[in-house]
Amino acid sequence: MMKVLIAIDSFKGSISSIEGSEAISLGIKEIYPEAEIVTLPLADGGEGTVEALVQATGGKRVEKEVAGPLKEKVHAAYGILGDGKTAVIEVAAACGLPLVPHSQRNPLLTTTYGVGELISDAIEKGCREFVIGLGGSATNDAGIGMLQALGFRFLNQQNEEVGLGAQALHDIWKMDLSQVHAKLKECTFKVACDVNNPLYGPNGAAHIFGPQKGAAPDMIEQLDKGLKHFAEIVLHELGTDIHNTPGAGAAGGLGAAFSGFLNAHLQSGIQLVLDIVNMEKNMQGADFVITGEGKLDGQTSMGKAPLGVAQLAQKHKIPVLALAGGVNEETAVLNKLGVTSYFSIVNAPMTLEEAMDSKVAFNNLKSTTNQLFRLLQAVRTEVKM
């Protein structure tokens, strides 16, 4: 009996990894009705990580009203995995750029406070292990908002608590840790982080990521000085260097807050996800692995989800089929990195909007898979004869 492992990322803006996996499964079943199909929806630590891991582990989705990036109330969701003790949080759910209208984007004002509220809620629900997906934040506050929500107090020269947002970083002169959430010391944090930027400087959070969050050149300098000042205070008060940790500048400095204050381990997003879903174990005995994402290109070879799957499959000498909405000449490098063959699912001239329609993408995934396995069936029959 044939065994196929389906492990695809979402086709961003088009179809989720769960829906895409269903389409592929239907395409296989029409040719091999008795096939054993194992489905593990994927993500790389960014958007879709909560959905993928909740699905893969039989967990549940939790909704919580928290402070959004502009301090307004937003409904944010996180996941509790099937073990009942691990929470998965995408920081963008509470402080993501899409939550801020273009006209109001100002990283001096935006806060990560809601991320801390999600962590606190998960602690109260019994979680002690956390998987955090960084990325997509509208903030540049070095994570002080998150830490404030968890009981860390940042004081100015008059011993008064500072406010929220990156503009408050300049005012911090000391810290009070006496009111930190009592159960936080029982918690461990694994953080999906795929950038290596330091906290401040030319390659830091403000200079590299500030412009997309609405920061003009003069504001970038102001933000950078705030991050540097905060790092110097933390070094003086705690003896902890939060600047030079690879990934410290991720998500507007949330990487620095997690590593410096919560002893988090920052690691590759896809590797973290693959470990949690036991990808290698589930791959044992598979005849084929199917992976993919919206677009396969040079960026895929830089450590995105399909590459992580392909490299594991290559280790076990399992053929890998990769499906995508779009492929280009750069995609050929994947053949040297574990992908046996890759295919675009777009089967007729159409606009990008048409190709990204969820129904069209579903049908294209199903039909492409169907045709590939028809060919496979014919080849196998010929070999047997």
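**A mixed sheet, its helices and some buried residues**

In this predicted model, strands β5 and β6 run parallel to each other and are joined by 5 bridges. Within this pair, I89 faces I132 of β6. On to the next partner: β6 is also linked to β9, again in the parallel sense and through 5 bridges. Here I132 has V191 of β9 opposite to it. Strand β6 is mostly covered, with 4 of its 5 residues buried.

These strands belong to a wider arrangement. An open sheet is built from 6 strands, and reading across it gives the order β3-β4-β5-β6-β9-β10, with mixed pairing. At the edges stand β3 (60-67) and β10 (265-267), each of which pairs on one side only. On average, and ignoring direction, neighbouring strands of the sheet are turned by 25 degrees against each other. An antiparallel pairing is found between β3 and β4, the latter covering residues 73-80, and 8 bridges connect the two. One of the matched positions here is K64, whose bridge partner in β4 is A76.

Helices pack on this sheet as well. Helix α4, spanning residues 113-124, touches β3, β4, β5 (86-90), β6 and β9 (188-192), and its direction makes about 135 degrees with that of β3. Helix α9, made of residues 269-276, also packs on the sheet, where it touches β6, β9 and β10; the angle between the directions of α9 and β9 is about 125 degrees.

Beyond the sheet, a few single residues deserve a visit. Strand β8 (residues 174-176) contains D176. With a relative accessibility of 19%, D176 falls under the 20% limit and therefore counts as buried. The side chain of D176 takes part in two polar contacts: one of 2.6 Å with the side chain of R153, and one of 2.7 Å with the side chain of S178. When neighbours within four places in sequence are set aside, the residues in contact with D176 are G151, F152, R153 and L155.

Another residue to look for is H243, located in the loop that links α7 (217-238) with α8 (254-261). The relative accessible area of H243 is 13%, so this residue is buried. Apart from neighbours within four places in sequence, H243 is in contact with P198, L199, Y200, A231 and A248. Of these, Y200 has its backbone nitrogen 3.4 Å from a polar atom of the H243 side chain. As for Q158, it is separated from H243 by 85 residues in sequence and by 26 Å in space, C-alpha to C-alpha.

The same loop between α7 and α8 also holds A251. Most residues other than glycine have a negative phi. Against that background, A251 catches the eye with a positive phi of about 50 degrees, although it is not a glycine. At a relative accessibility of 9%, A251 is buried. A142 likewise has a positive phi, of about 60 degrees, without being a glycine. This residue sits in the loop between β6 (129-133) and α5 (144-149). A142 is buried too, with a relative accessible area of 0%.

How values were computed:
Residues are numbered from 1 along each chain as its sequence is written. This is a predicted model: local features need pLDDT of at least 70, side-chain atom pairs count only at pLDDT 80 or more; totals for chains, interfaces and linings use all residues. Side-chain values use heavy atoms; hydrogens and water are left out. Buried means under 20% relative accessible area, exposed over 50%, partly exposed in between (1.4 Å probe, protein chains only). Contact means heavy atoms within 4.5 Å. A polar contact is a pair of N or O atoms within 3.5 Å; within protein, one must be able to donate a hydrogen and the other to accept it, and residues adjacent in sequence count only if both atoms are side-chain atoms. Two strands pair if DSSP finds at least two bridges between them. Axes are lines fitted to C-alpha atoms, for helices over the stretch in contact, and angles run from 0 to 180 degrees between N-to-C directions.
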